[in-house]
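Morning, everyone. I'd like to take a few minutes to walk you through a model, so have a look at the screen and stop me if anything is unclear.

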Amino acid sequence: MATGYVYHELFGWHDTGTQAQLLPANVAQGLQPFHHYEYAEPKRRAHELVVVTGLVDHLTRIAPRPATDEEILLVHTPHHLDRLVTANPTGGDAGDGGTKFGPGGLDIARLAAGGVIRAFDAVLDGSVRNAYALVRPPGHHAIPDSGMGFCLLANIAIAIRSVRRTHDCKRVAVVDIDVHHGNGTQTVFWEDPTVLAISLHQDRMFPPDSGHVTERGAGPGFGYTLNLPLPPGTGKGGYQESIRRVVLPALRRFRPDLIVVAAGYDASALDPLGRMMLTPGGYRDITKALVDAANTLCGGRIVAVQEGGYAEAYVPFCLHAVVEELVGVEKPFPDPFHFDRLGQQELQPHQDAAIKATEKLLVDIHH
Ligand code: 3YP
Ligand code: ZN
């Protein structure tokens with residue numbers, strides 16, 4: 001059975017505007033106008049690589065559709081939706097001062113969230129085996145009452161709540177491998193034992209003071225939030241061990257009906273917003289392990305959803321490797337960068353210590 005693939009040209013039209021990458025351009029501060037980190041190129045180039053190599057011929061295209069108000073309100077407050085609706089004709093900011101959008105930006109954000117809904121639908125109704133949703137803007141930082149960190153809407157959270165109305169999908173596991181903490185997903189499902197929210201991220205990057213190992217959920221959801229803050233410099237070995245010792249045991253205990261990967265490529269060795277060392281090969285191994293887990297635990301039902309990734313020339317190869325593993329291609333397209341030979345790709349002692357701290361918490365997941 002095929003792998004579904006969501007992409008739309010409008011995802012490249014989401015306009016984060018002129019910016020000195022991270023900060024508003026400002027002459028007095030010496031911040032020369034440039035582009036926002038979260039601009040179209042990395043993800044557009046990733047889509048184009050998928051087309052140019054012919055990988056797209058192994059994919060079943062799934063057309064996105066706009067998420068409705070009703071679906072957005074399954075996660076967000078009327079206040080946040082009103083803010084976006086009001087700003088939509090002119091463009092504006094989604095709430096934190098750094099999450100810009102141009103005129104019509106909400107329409108594109110609706111298409112991103114709705115694209116994830118359609119990917120989940122296709123996997124859950126069996127029309128595809130698994131899926132990749134290459135959407136933009138991203139979603140994992142958005143919280144109920146605000147956008148945050150380049151995210152307008154909580155795409156994955158909205159799609160989880162949405163498909164539950166129509167499909168028999170009781171337990172969903174989210175494995176967030178973006179280099180930043182998946183705080184939005186964590187917040188939405190904080191007290192919900194039916195969503196296991198796991199985030200692997202670089203220790204204390206973004207949001208500030210977020211994603212500590214001590215954040216574990218509350219009430220009936222206690223134990224169903226798992227944070228694995230990893231030291232800067234973690235590469236293939238550290239990620240592989242994290243998956244093997246924390247993620248896979250957690251998934252086996254939880255017994256999900258669907259696995260969702262929040263796929264951010266900002267944990268790559270070339271990313272300007274992260275200090276990790278993943279390569280396309282590293283992303284391939286992680287995906288392989290999660291696809292195997294999905295095959296064993298939930299009939300292969302796994303959907304990877306696009307989050308961050310800012311290295312224009314490298315993101316395409318990382319994404320290509322992930323999609324290849326979802327498809328199960330026999331002959332991968334070669335990675336021209338060859339960063340697998342960087343020193344200290346293997347598990348390091350301080351990384352091992354970080355993994356141990358989260359490993360201890362697995363006892364509180366059961367079904
Ligand atoms: C948001 C502001 C500073 C860091 C940035 C992180 C965006 C991202 O890729 N999140 O996953
Ligand atoms: Zn990120």
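Let me start with a question: how far is a polar side-chain atom of Asp-266 from an oxygen atom of ligand 1? The answer is 3.0 Å. Keep in mind that this is a predicted model, and everything I quote was computed from it.

Let's stay with the ligand for a moment. Tyr-310 also has a polar side-chain atom facing an oxygen atom of ligand 1, and there the distance is 2.5 Å. Then there's His-141, where an N or O atom of the side chain sits 2.6 Å from a nitrogen atom of the ligand. On its own, ligand 1 has 330 Å² of accessible area, and the protein covers 87% of that. If you want to find the surroundings on screen, look for Leu-22, His-140, His-141, Gly-149, Phe-150, Asp-178, His-180, Phe-206, Asp-266 and Tyr-310.

Okay, on to the fold. There's an open sheet of eight strands, and its pairing is parallel. Reading across, the order goes β4, β1, β7, β12, β11, β8, β9, β10. The two edges are β4, at 59-61, and β10, at 225-230, and each of those pairs on one side only. On average, neighbouring strands in this sheet are turned by 15° against each other, ignoring direction.

Zoom in on the β10 edge. Strand β9, residues 195-202, pairs with β10 through six bridges, in the parallel sense. If you need a landmark there, Ile-198 stands opposite Leu-226 of β10.

Now, which strands does helix α7 touch? That helix, residues 236-254, packs on the sheet against β8, β9, β10 and β11, and its direction makes about 170° with that of β9. Helix α9, residues 315-327, packs on the sheet as well, touching β1, β4, β7 and β12. Its direction makes about 160° with that of β7.

Back to α7 for a second, and to charges. The count of salt bridges comes to 19. One of them joins the side chains of Lys-236 and Asp-285, with 3.1 Å from N to O. That pair ties together distant parts of the chain: Lys-236 belongs to helix α7 and Asp-285 to helix α8, and they're 49 residues apart.

Last bit: the backbone oddities. As a reminder, most peptide bonds are trans, and most residues other than glycine have a negative phi. Here, Arg-136 and Pro-137 are joined by a cis peptide bond with omega about 0°, and Pro-137 lies in the loop between β7 and α5. A cis bond also joins Phe-206 and Pro-207, with omega about -10°. You'll find Pro-207 in the loop between β9 and β10, and Phe-206 is one of the residues around ligand 1 that I listed earlier.

And where is Gln-21? In the loop between β2 and β3. Gln-21 isn't a glycine, yet its phi is positive, at about 60°.

That's what I have, so over to you for questions.

How values were computed
Residues are numbered from 1 along each chain as its sequence is written. Chains are lettered from A and ligands numbered from 1 in the order in which they are written. This is a predicted model: local features need pLDDT of at least 70, side-chain atom pairs count only at pLDDT 80 or more; totals for chains, interfaces and linings use all residues. Side-chain values use heavy atoms; hydrogens and water are left out. Two strands pair if DSSP finds at least two bridges between them. Helices (H or I, at least four residues) and strands (E, at least two) are DSSP runs, numbered from the N terminus. Axes are lines fitted to C-alpha atoms, for helices over the stretch in contact, and angles run from 0 to 180 degrees between N-to-C directions. Contact means heavy atoms within 4.5 Å. A residue is near a molecule or strand if one of its heavy atoms lies within 4 Å of it. A polar contact is a pair of N or O atoms within 3.5 Å; within protein, one must be able to donate a hydrogen and the other to accept it, and residues adjacent in sequence count only if both atoms are side-chain atoms. Accessible areas come from the Shrake-Rupley method with a 1.4 Å probe; for residues, only the protein chains shown count as cover. A salt bridge is a side-chain nitrogen of Lys or Arg within 4 Å of a carboxyl oxygen of Asp or Glu.
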